[in-house]
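Open the model in your viewer and keep the sequence panel visible. The stops below say what to select next and what is there.

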Amino acid sequence: MKLERPVLASEIARILGKELFNREIDNPVSGINEIHNAEENDLIFVDFEKYYGLALNSPASLIIAPPDFHANSKKSIIH
């Protein structure tokens, strides 16, 4: 699903009442997608450890993940 306009990851975190895990990376998000269909600047959600690598290697710019998901990545991450 494409958004009407890009939204920064920090704004999505604020709306959700969360903080960015890696605050210095505030990527724009222009869509929401499933992990297997992610496109550049998409938001994806991952909740199983076996998919963490797939999430990190996807073109998505924002990952919403459980607190045990820690990664040194150029993606924005919300816990």
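## Stop 1: an aromatic pair

Start with Y52, which is buried at 11% relative accessibility. The model is a predicted one. Now add F69, also buried, with a relative accessible area of 1%. Which arrangement do the rings of Y52 and F69 take? Their centres are 4.8 Å apart and their planes stand at 90°, so the pair is edge-to-face. Y52 belongs to helix α2 (residues 52–57), while F69 sits in the loop between β4 (62–64) and β5 (76–78), so the contact ties together parts that are 17 residues apart in sequence. A search of the whole structure gives one aromatic pair, so once Y52 and F69 are on screen, with planes at 90°, the edge-to-face case has been seen.

## Stop 2: the nonpolar cores

Keep Y52 and F69 selected and extend the selection to the largest nonpolar core, which has 12 residues. Besides these two rings, the set holds I35, A38, I44, V46, A55, A60, I63, A65, A71 and I77. Within this core, pick A60 and show its surroundings: leaving aside residues up to four places away in sequence, A60 touches A38, E39, D42, I44 and K75. Then clear the selection and choose I12, L62, I64 and I78, which are among the 10 residues of a second, separate core.

## Stop 3: S58 and N22

Next select S58, in the loop between α2 and β4. Is S58 buried or exposed? S58 is buried, with a relative accessible area of 9%. Its side chain reaches the backbone nitrogen of A60 at 3.3 Å. Residues up to four places away in sequence aside, S58 touches A38, I44 and K75.

From K75, move to N22, which is found in the loop between α1 and β2. N22 counts as buried, at 6% relative accessibility. A polar atom of the N22 side chain lies 2.6 Å from the backbone oxygen of K75. Show the other contacts of N22 as well: not counting residues up to four places away in sequence, N22 touches S73, K75, S76 and I77.

## Stop 4: helix α1

Select helix α1 (residues 9–16) and look down its axis. Colour A9, I12 and A13, which are buried. Seen from this direction, the buried residues of α1 fall within an arc of 100°, so they line one face of the helix. What covers these buried residues includes β1, β2, β3, β4 and β5. On the other side of α1, select R14 and I15, which are exposed.

Stay with R14 and add E11: their side chains meet in a salt bridge, 2.7 Å from N to O. The two residues both lie in α1, three residues apart, about one turn of the helix. An α-helix has 3.6 residues a turn, so residues three or four places apart point the same way. R14 has a relative accessible area of 54% and is exposed, whereas E11, at 32%, is partly exposed.

Before leaving the helix, select G17, just after α1, which takes a positive phi of about 75°.

## Stop 5: the other salt bridges

How many salt bridges does a search of the whole structure find? The search finds four. Side chains of opposite charge can pair when their charged atoms come close. With the R14–E11 bridge already on screen, go to E19 and R23, whose side chains meet in a salt bridge at 3.1 Å, N to O. Both E19 and R23 are exposed.

Now select K2 and E39, whose side chains form a salt bridge with 3.3 Å from N to O. The pair links distant parts of the chain: K2 is in strand β1 (residues 2–8) and E39 in the loop between β2 (28–32) and β3 (42–45), 37 residues apart. K2 is exposed, with a relative accessible area of 51%, while E39 is partly exposed at 41%. Add D42 to finish: salt bridges that share partners join K2, E39 and D42 into one network. E39 and D42 have been on screen before, as contacts of A60.

Notes
Residues numbered from 1 in each chain as written. Predicted model: local features only at pLDDT ≥ 70, side-chain atom pairs only at ≥ 80, totals over all residues. Heavy atoms only, no water. Helix = DSSP H or I, 4+ residues; strand = E, 2+ residues; numbered from the N terminus. Buried < 20%, exposed > 50% of the residue type's maximum accessible area, 1.4 Å probe, protein only. Core = buried A, V, L, I, M, F, W, Y, C linked by side-chain atoms within 4.5 Å. Contact = heavy atoms within 4.5 Å. Phe/Tyr/Trp six-rings, centres within 6.5 Å; stacked < 30°, edge-to-face > 60°. Polar contact = N/O pair within 3.5 Å; in protein donor to acceptor, adjacent residues only side chain to side chain. Arc of directions from axis to C-beta.
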